[in-house]
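Biologist: I am new to this structure and would like to learn how to read its features one at a time. Could we go through them together?

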Amino acid sequence: MITRHLTNCAISFNPFTKAGKTARIFASLLPPDARMNGMKIATTVLPRESQIGGIVDVTFKDGHNIKLDTSKMSVNDLVEEMDRHSRGLERKDDLSG
Amino acid sequence: MFVHSENLRECSESRPNFLEHPNSSARLTTARGRPRNRNSTALQIQMPPRIPLSARPALALKPTTQQLSVRTYAAVSTASPTQPPSHRAADSRKTQLHRTYLSLLRSTPLMLVFQHNNLKAVEWSALRREITAALAKLTPAGEHDAIAEHTRINVIRGGVFSAAMGVAEIYDKQGGKEHGTSKEAYKLTNKKRQKHPLSPLLDGPVGIVTFPVMSPPHIKTVVDIMFPEGRAVKGLDPLALSGIQKLILLAARVDGHAASGSIGTGRVVDGKMVRWVSALPGFEALRGQVVAMLQSVGGADLVRTLEALPVSAVRTIDAHRKVLSGELDVKPEGEGEAEAKPAESS
């Protein structure tokens, strides 16, 4: 996953359901020095009886915001969604030099 | 092997061009330095040795000083004479981990399950150091704290842990007779363990903290450092602080351990409950509260009431002993009983 264009990640999940797995794994895909490089990461553990599986809310460098309910998504789907915008930003970076 | 080379030497002496064995130049002598079998003519006229050259060409043609590199894997050897048969190879790493996890599950009254997101090695070590230091402060200096010593943080392998959990929660509950890594235990738990409330938690990078006994002060110390609500504990190592940010408390498993006799009845609680338990005072403080409460609500009466039964029993038995030993000169039998009765009623 391309993470260097992310500035803000808010991840919330219910750990007691299978639906929370995608958001949990997404949290583990962020690199070890993400916080040191200025990314803001907030993880919320939802209560056990919560109906929500998982929500990932991500803000990119250009201010674009993606908020997804990951209950029925796989990790690969989620990464693909994120990378789609990140690749556009990378192309912009390359062209501007 | 040695016999072969010896025979070869004998042959190379009698028929030098038969087979040049690289070892034939080595002098095989006895302890006295005398060549062996010099006088045995029977050997000299013996037929060439029957070495199955086709079966072991490498041994026959290569110099024997070169070591044979045969790679073996521990997991390959399945049958062990000292181990009972198990589902996977008894000496494989997975089986060993399974045993470790099963023993943890059976022995710990409280196990915190957490997720660790890409902690660096230095962050782990700083975190462990901080926890050890904080736990050491709970007991006076110089005293040995067994609880702190046996409080452990382990990073687990989810799949193996899930299998071990199935054995601890399902197989043990059924009163399974076979050992934990047996085929039977595997077959009976493989499908069912997917429905256990802990099983969705065991995906991804997961670790556990295990406590040897239920001790709220120790739990509080660990929870406050590792999973702070709001701000982290002051004065921590910056490396430990950055590690703490990457830890997420998911759930805990309580009970279901051997000491309480409740094997197979573990319960899963969420992080909120863990924090509530950790906020409780220690057992000493709780006992103190009970004593104080009893004293304030006329505890003297209660103590007398509680003591009444054992005291009366002791008196009765003592009276009976005296009657039997003849200390009390009671001739008619009815009087001895009559004496015991008032003691009983008092």
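Modeller: What follows is a walk through a predicted model, going from one chain to a helix, then to single residues and to empty space.

Biologist: How many helices and strands are there in chain B, and what share of its residues counts as buried?

Modeller: Chain B has 14 helices and five strands, and 36% of its 346 residues count as buried. Among its contacts between residues at least 6 apart in sequence, 71% join residues at least 24 apart. One example of a separation along the chain is the pair Ser260(B) and Thr108(B), which are 152 residues apart, while their C-alpha atoms are separated by 9.8 Å.

Biologist: How should I read a helix, for instance α2 of chain A, and what span should its 22 residues have?

Modeller: Helix α2(A) covers residues 75-96, and at 1.5 Å a residue it should span 32 Å, which agrees with the 32 Å between its end C-alpha atoms. The helix also has a kink of about 25°, centred on Asp83(A). Asp83(A) is one of the buried residues of α2(A), a list that also includes Val79(A), Met82(A) and Ser86(A). The elements covering these buried residues include α1, β3 and β4 of chain A. Just after the helix, Gly97(A) takes a positive phi of about 85°.

Biologist: Which residue other than glycine has a positive phi, and where does it lie?

Modeller: The general idea is that most residues other than glycine have a negative phi. In this model, Asn118(B) has a positive phi near 55°, and it lies in the loop between β1 (110-116) and α5 (121-136) of chain B. Asn118(B) is partly exposed, because its relative accessible area of 30% falls between the cut-offs of 20% and 50%.

Biologist: Is Thr221(B) buried or exposed, and what does it touch?

Modeller: Thr221(B) counts as buried because its relative accessible area, 16%, is under 20%. This residue lies in helix α9 (residues 216-226) of chain B, and, leaving aside residues up to four places away in sequence, it touches Ala134(B), Leu135(B) and Leu138(B). Ser260(B), by comparison, is partly exposed at 42% relative accessibility, and it is found in the loop between β4 (247-254) and β5 (267-270) of chain B.

Biologist: How is empty space found, and what volume does the largest pocket have?

Modeller: Rolling a probe the size of a water molecule over the atoms shows where empty space is left. Here the largest pocket has a volume of about 700 Å³. Its lining has 29 residues, and those nearest its centre are Thr43(A), Phe227(B), Pro228(B), Leu247(B) and Arg275(B). The largest share of that lining, five residues, comes from β2(A), while α10, β4 and α11 of chain B each supply at least two residues. By residue type, the lining of this pocket divides into 17 nonpolar, five polar and seven charged.

Biologist: And how many cavities of 30 Å³ or more are there?

Modeller: The count comes to three cavities of 30 Å³ or more, and about 80 Å³ of space lies in the largest cavity. The residues lining the largest cavity include Ile11(A), Ala27(A) and Thr43(A) from chain A, as well as Asn117(B), Gln245(B) and Ile248(B) from chain B. This lining divides into seven nonpolar, three polar and two charged residues. Thr43(A) therefore appears in both descriptions, since it lines the largest pocket and also the largest cavity, where a probe fits but cannot get out.

Notes: Residues numbered from 1 in each chain as written. Chains lettered and ligands numbered in written order. Predicted model: local features only at pLDDT ≥ 70, side-chain atom pairs only at ≥ 80, totals over all residues. Heavy atoms only, no water. Helix = DSSP H or I, 4+ residues; strand = E, 2+ residues; numbered from the N terminus. Buried < 20%, exposed > 50% of the residue type's maximum accessible area, 1.4 Å probe, protein only. Contact = heavy atoms within 4.5 Å. Expected span 1.5 Å × (residues − 1). Bend = angle between axes of the 7 residues up to and from the residue. 1 Å grid on protein atoms, 1.4 Å probe; cavity = no way out; pocket = protein on both sides within 12 Å on 5 of 7 lines; lining within 4 Å. Points joined across faces, edges and corners; volume = space filled by probe spheres on them. Nonpolar A, V, L, I, M, F, W, Y, C, P; charged D, E, K, R; others polar.
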